[in-house]
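Got the viewer open? Here's a short walk through the model, one selection at a time.

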Amino acid sequence: MDINVKVKSNLRIQAFYLFFLISFIQIGVGIMGVPRFIFKESQQDAWISVILASCFIVMVISAMLFILKQYENADILGIQTDLFGKWLGKLLGTIYIIHFILAFLSVIITYIEVLKIFIAPNLNNFVVALLLLSLVVYSVRGGLQAIVGVFFLFFFLSIWLLGLLVEPIRFMHFNHFQPMFQASFTELWKGAKATSYTFMGFEILFFVYPFIQNKQKVRFPTYLAIIWSSMIVLILTVISIGYFSRDQLLKLEWTVLDMFKIQNLTFIERFDYIVIAEWMMVVVPNMILLMWAITYGIKRLYQVKQKTTLYILAIVILIASTFIDDYFLIRKIIDSVAEFGFWIVYVYPLLLLPMVLIKKRWKRKSGGRDLSH
Amino acid sequence: MVVEIYRIKFVFVLISFVFLAACMQTKIIEQHAIINTYGIDISEESENLIETVILSYIFDEQAENVTTINYGKGKTIKEANQNAEKKSSFTFLPGQIRLVLYGKETAEKGFKNYLNVLIRDARLSDMMYLAVSETTAKDILLLGQENADIDMGQYMEKLIEKEIKGDSIPNVSLHELTHTYEDPGKDPIMPLISLTDNKIAITGMALFQNDKYVGKISMEDAFLVNLFQNKVHDRQIHLSISREPFLKYLSAPQANRDQLHLSFLIIDGESKTRLTDIKELSYRTDVNLKVILNETSETFKDENEQFANLLEKEVEEEVKRQYKKLLATLQNANSDPLGLGSIYRAHKKNGKLTAKEWHQKFPETTINLNVDVKLINTGIKQ
């Protein structure tokens, strides 16, 4: 396997689009329930946890960019092969792919569960999964450029949902935040860790990096995306703390969706229905990009055609999501994705960084050759 | 050729719409009864049996009245509703419930267990109202429906909505209620609905300790509770103040009267409460009212600035006195709808408070009231 990827220039994307890719994939389904999980750990200081988590992510993403900059045009799969050799590299690459598959599965089953709870309890899992997956298959067939197009469009088609939060803001009680700064550092840290599932997704940078045309401009859109998604999570956390009383917040499963429940207009009684349907515009891009990363990764690792993996995996996920409809099982899957992902997404890049640096120095000493050649 | 392919694709998409329509269960409005209001009582037969009265809308051409009434009994509310549904040819839908009425006895035992059915179901709106009947919910809904020529469910919903919009009572929506119920430093409050002269009316507010009905306050006091929590605009207030200080201003003093009755319009009213001493549990509340004088029970000869100042002062005293009385009533019932406990919690060291702890402390709280009334004008008459 080549360490560096040769991507034709007509298949490349502008660095500017990284903003949409990263900020959107971070938000996903996790955000619908995240304020509760943070609040459980650090109570009224939950907002500090979000800030803490964002700072940590900025650190991780700097490490990721630094690693990528050491190579000419490599992705994580190539870098791992370079560092650990063929077999270990492949093994680690496979772990990444498994992480993406699990994340994909967790997204689709969570969304179907939400649809069933909020809109129609008798909804058929198979039909919904089939519809969502057909959209995913269709878009992934279009390649990364089509995917970027979907992200760009859906970003603007779903961003207006934030405007609906004006109503819950009116019902906020500011003494819910008092007394401030009561949580210990451990509690804050635990709260920050509770955001790991929501903020997950920026590891996609390790995969799309070789496709970027103007690499010198990567930093700005990437950091902007992190700040953007952190701001959204922060805003939602602050509003939910103010809007719900503490015991109420701890009991609600989908905190963010519940906030849309009080929104009503004369021509539409219940806005949360629209919000949940609209949420498909957030969920589908997530699934598309994850699916692309899976198929592309398998192609890189095992030289399997992307089309083949795409169809096989779509069928497997379709069957799996038809049968996974038990609340506790879904929770277990999400928890394991969060736990498993925490190490891969947040810890692993920081461990990889010194290794890349050591290897670089060692190579320079022994052969004086650049890493990328 | 290209056009041909597009046409095939287009037809394919159109056909898929037809099949996709069957993915969701269809609900035809003529076959359903849309629940608007339901009442919950504990059955006379057994303590564990719940009796519900359901007011629902039907859309049937033959039906004379849009609203129908059904009753059912069951161990849970859903079961009772289903039993009620058995006596109807329609399927009941809960998505449009606007009002839930608890019988007094039910409220006294606690509404906690009847609340979760409303929160659990995502299809129910958070904006529905909850209220307590002075007798049983059944009495109100049945008698009301017999006597009123308007639709009962909608009538009561509008009745409550009017009071909330007019800033007379605090918001009593399901969201607000669960919010206060789950807040250890605040007790819920619900409108009390009763039958007077065969008319349904809100006669006051029901006080709760956690989820149990413990007493009631008048509508005048309910307004004071609202003023304590929210900003108030354009609301009439009627006060009776001592007549003596005004004797020299009266144009034709009549004998054997000792009070002066006044009506004001509050243009802007707001209040702010702070905790001044956490150990002593003393609070300081500043109430600011901007008012217009609308009506007086007696006429004055000269409404000059001194008169206005005197009037302001006397009204301030009266509002203060009313608040003191209200606090005494609340402390007597040990129910805190003012949310003093939330303020206490916000200033407590670790920020943790239980409802039990607060109910031990609440009777000892004191409020240092500071009312500021500003008479903006007295109408076109000087």
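Two residues count as being in contact when their C-beta atoms, placed from the backbone, lie within 7 Å. With that in hand, select Ala137(B), leaving out residues up to four places away in sequence: Ala137(B) touches Gly39(B), Ile40(B), Asp41(B), Val53(B), Leu101(B), Tyr102(B) and Gly103(B).

Before going on, some housekeeping. This is a predicted model, where local features need pLDDT of at least 70 and side-chain atom pairs count only at pLDDT 80 or more, while totals for chains, interfaces and linings use all residues. Residues are numbered from 1 along each chain as its sequence is written, with chains lettered from A and ligands numbered from 1 in the order in which they are written.

Stay on Ala137(B), which sits in helix 5 (residues 137–147) of chain B. Helices here are DSSP runs of H or I with at least four residues, strands are runs of E with at least two, and both are numbered from the N terminus. Is Ala137(B) buried or exposed? A residue is buried if 20 or more other C-beta atoms lie within 10 Å of its own, exposed if 12 or fewer, and partly exposed in between, with C-beta atoms placed from the backbone. Ala137(B) has 27 within 10 Å, so buried is the answer. Now draw a distance to Asp277(B): 140 residues along the chain, and 43 Å between the C-alpha atoms.

Next, pick helix 6 (residues 152–165) of chain B. Its 14 residues should span 20 Å at 1.5 Å a residue (the rule multiplies 1.5 Å by one less than the number of residues), and its end C-alpha atoms are indeed 20 Å apart. Colour its buried residues: Met152(B), Gly153(B), Met156(B), Ile160(B) and Glu163(B). Looking down the axis, these fall within an arc of 115 degrees (taken from the directions from the helix axis to the C-beta atoms), so they line one face of the helix. Spin to the face turned away from the buried side, and you'll find the exposed residues Lys162(B) and Lys165(B). After the helix comes Asp167(B), with a positive phi near 60 degrees.

Jump to Gln306(B), in helix 9 (residues 305–333) of chain B. Gln306(B) is exposed, with 10 other C-beta atoms within 10 Å. Val100(B) is 206 residues from Gln306(B) in sequence and 51 Å away in space, C-alpha to C-alpha.

Now show both chains. Where they meet, chain B and chain A put in 19 residues each. On chain B's side, helix 7 (174–181) and helix 10 (340–347) are the elements giving two or more residues, and helix 10 of chain B gives the most, with 4.

Last stop: chain A, with 17 helices and 0 strands. Its C-alpha trace spans about 70 × 45 × 35 Å along the principal axes, and 48% of its 373 residues are buried. Select helix 2 (residues 34–42) of chain A: 8 of its 9 residues are buried, so it is largely enclosed by the rest of the structure. Among those buried residues are Phe37(A), Ile38(A) and Phe39(A). What covers them? The cover over the buried residues of helix 2 includes helix 3 (46–69), helix 8 (185–194) and helix 11 (219–243) of chain A. Finish on Gln43(A), which follows helix 2 of chain A and has a positive phi near 45 degrees.
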